[in-house]
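The exercises below are meant to be worked with the sequence and the coordinates open side by side. Each task is followed by a solution that proceeds step by step.

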Amino acid sequence: MSDTPMNFAVIGCGMLARMMHVPNIAASPKTVLHTCCDLSDDALAECKDMHGALHITKDYHTAIDDPDVEAICIATTEKMRIPLIEAAAKVGKPVYCEKPLARTLEEMYEIRKIVHESNIPFCVGHNRRSSPAMIEAHRIFRRHMDTPQPCPWRYDREGANRPPIEGDGVAGMSVRINDDWYSWKAWGMCAETADYGAMLFEMTHFTDLCNWFLAGEPEEVVALESGRLNHGVVIRYRGGEIATILMVGNGTFGYPKELYEMFGQGAAVVVDHMLEVRTAGIEGAPDRITYPMLKDRHPKIGTEGGLPGWLAKKRAACKEAADAGDSSLIFTAEPDKGHAHAIDRFVDEIRGEGPVVCSVDDAVAATRVAFAAIRAAKEHRAVKLDEV
Ligand SMILES: NC(=O)c1ccc[n+]([C@@H]2O[C@H](COP(=O)([O-])OP(=O)(O)OC[C@H]3O[C@@H](n4cnc5c(N)ncnc54)[C@H](O)[C@@H]3O)[C@@H](O)[C@H]2O)c1
């Protein structure tokens with residue numbers, strides 16, 4: 001195990017990077033915020049003055065080629081990926097790249113080729129895989145699916161007369177996303193992104209989790225959408241597993257954004273907004289596990305934690321926001337979606353001390369499902385993954 005922190009250069013220090021990667025890399029004992037690179041003077045000044053970046057530059061070649069920089073974090077928008085990945089591959093440096101991996105299938109396959117040919121360690125920012133709640137839910141669910149323990153109270157009407165049935169035990173998964181589009185940036189809704197929209201820039205997180213939890217090969221996708229904000233997607237896997245993803249853009253930040261429910265082999269594992277994991281039908285698994293929240297401005301409210309604790313904190317924050325006429329006050333007690341852990345775990349992966357976090361092949365698999373869904377919605381038909 002190496003105790004020496006790894007020098008990172010962050011390229012693209014916009015909203016996400018300055019909320020997550022820049023402070024996280026600066027704070028972690030595993031990493032050093034060596035260089036920040038952006039085109040904006042204001043962004044660079046904040047990285048240096050608030051987060052302690054050792055160097056700042058507007059030229060990504062300067063950042064990537066610096067011999068002291070050991071790893072690159074790409075947090076530009078998906079418009080700007082290939083030149084950065086090419087430059088990092090040329091000098092053999094590991095890359096953590098934000099999602100979505102690319103805007104088009106062609107770009108995505110080009111990135112995969114560059115990464116495979118250069119053999120650089122590569123991790124895509126499907127950070128939810130590194131959320132403590134997700135890691136635990138995945139471990140419990142996959143262990144049960146791979147070595148199911150018979151549940152002693154499972155209601156079994158027919159017993160020995162129960163007929164064999166196709167699909168017995170096969171998993172299914174539901175993902176429900178409650179979002180409020182008033183919070184989105186204008187670029188997410190401009191003509192440039194109209195071809196793909198939220199089904200790419202948001203949904204690859206969820207297709208990635210479906211692939212990961214169901215541990216299967218996606219085969220076919222159907223999808224319906226209305227306008228730019230309501231999407232319903234169904235994915236069928238070769239093993240018969242089914243996943244549904246409902247993304248609603250006219251929801252509210254006053255209620256948890258994400259609910260994941262996994263079922264199979266007579267059991268359920270549920271992840272509620274990465275605040276708590278609930279299980280049923282799995283011998284020996286805890287009924288409910290709660291997880292610490294981040295940036296909690298209301299530590300004395302909702303001390304029971306988990307979902308009820310979060311709701312109490314959120315209600316208090318929303319009241320403060322209404323009273324002050326300042327909607328930014330609604331933010332408090334965020335679930336741990338795994339951003340900081342993802343970078344730390346990638347450092348372990350680079351050093352051969354931890355598992356692969358989210359490889360280019362994992363990201364390609366998730367992104368292909370998203371592209372299949374986009375086509376399915378556009379053409380009003382089921383789209384086979386072989387078509388993309
Ligand atoms: N994983 C997550 O939870 C999550 C959340 C939000 C956004 N994202 C992803 O992160 C990425 C960035 O999103 P954002 O909202 O921060 O966008 P943003 O527009 O706020 O930031 C992008 C930054 O890249 C900079 N940039 C552009 N070209 C550059 C270049 N050639 N060299 C250096 N800097 C350059 C811009 O100046 C800007 O500051 C997107 O791909 C988005 O999908 C991920």
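**Exercise 1. Pairing in the open sheet**

Which residue in β3 is the bridge partner of T35? Having found that residue, place β3 within its sheet and describe how the sheet is packed by α5.

Solution. Bear in mind throughout that this is a predicted model. The bridge partner of T35 in β3 is H55. The pairing to which strand β2 (residues 31-37) and β3 belong is parallel and extends over three bridges.

Next, widen the view to the whole sheet, which is open, has six strands in the order β3-β2-β1-β4-β5-β6 and shows parallel pairing. Since β3 (55-57) and β6 (122-124) stand at the edges and each has a single partner strand, one side of each is left without a neighbour in the sheet. Ignoring direction, neighbouring strands of this sheet are turned against each other by 20° on average.

Finally, turn to the helix: α5 packs on the sheet and touches β1 (6-11), β4 (71-74) and β5 (95-97), while the direction of α5 makes about 165° with that of β5.

**Exercise 2. Two helix packings that share α6**

Determine how α6 is oriented against α5 and against α12, and list the residues through which each contact is made.

Solution. Two packed helices are described by the angle between their axes and the distance between the axes. For helix α5 (residues 82-90) and helix α6 (residues 105-118), the angle is about 5° and the axes are 10 Å apart. An angle under 35 degrees counts as roughly parallel, and so α5 is roughly parallel to α6. On the α5 side the contact is made by I82, I85, E86 and A89, and on the α6 side by E107, E110, I111, I114 and S118. By class, the residues of this contact of α5 with α6 comprise five nonpolar, one polar and three charged.

For α6 and helix α12 (residues 360-379), the angle is about 170° and the axes are 11 Å apart. Because an angle over 145 degrees counts as roughly antiparallel, α6 and α12 are roughly antiparallel to each other. Here L105, M108, I111, R112 and V115 in α6 meet V360, V364, T367 and F371 in α12. The residues of the contact of α6 with α12 divide into seven nonpolar, one polar and one charged.

**Exercise 3. A hairpin and its further partner**

Trace the antiparallel pairings of β13, starting from β12 and ending at β14.

Solution. Strand β12 (residues 267-272) and strand β13 (residues 276-280) run antiparallel and are joined by five bridges, with A268 standing opposite A280 in β13. The hairpin of these two strands has three residues between them, and H273 takes a positive phi near 55° there. On continuing, β13 is joined by three bridges to strand β14 (residues 288-290), again in the antiparallel sense, and R278 has R288 in β14 as its bridge partner.

**Exercise 4. Ligand shell and domain contact**

Which residues come nearest to the ligand, and how many residues of domain 1 are in contact with domain 2?

Solution. The ligand has 23 residues around it, of which G12, G14, M15, L16 and E98 come nearest. Helix α1 (residues 15-19) gives the most to this shell, namely three residues. By class, the shell has twelve nonpolar, seven polar and four charged residues.

For the domains, the assignment gives domain 1 (6-120) and domain 2 (129-150 + 168-291 + 367-387), whose C-alpha centres lie 28 Å apart. Seven residues of domain 1 are in contact with seven residues of domain 2, and the side of domain 1 that touches domain 2 has five nonpolar, no polar and two charged residues.

How values were computed
Residues numbered from 1 in each chain as written. Predicted model: local features only at pLDDT ≥ 70, side-chain atom pairs only at ≥ 80, totals over all residues. Domains from an automatic or database assignment. Contact = placed C-beta atoms within 7 Å. Nonpolar A, V, L, I, M, F, W, Y, C, P; charged D, E, K, R; others polar. Near = placed C-beta within 6 Å. Helix = DSSP H or I, 4+ residues; strand = E, 2+ residues; numbered from the N terminus. Axes fitted to C-alpha atoms, helices over the stretch in contact; angles between N-to-C directions. Parallel < 35°, antiparallel > 145°, perpendicular 65-115°, else oblique. Pairing = 2+ DSSP bridges.
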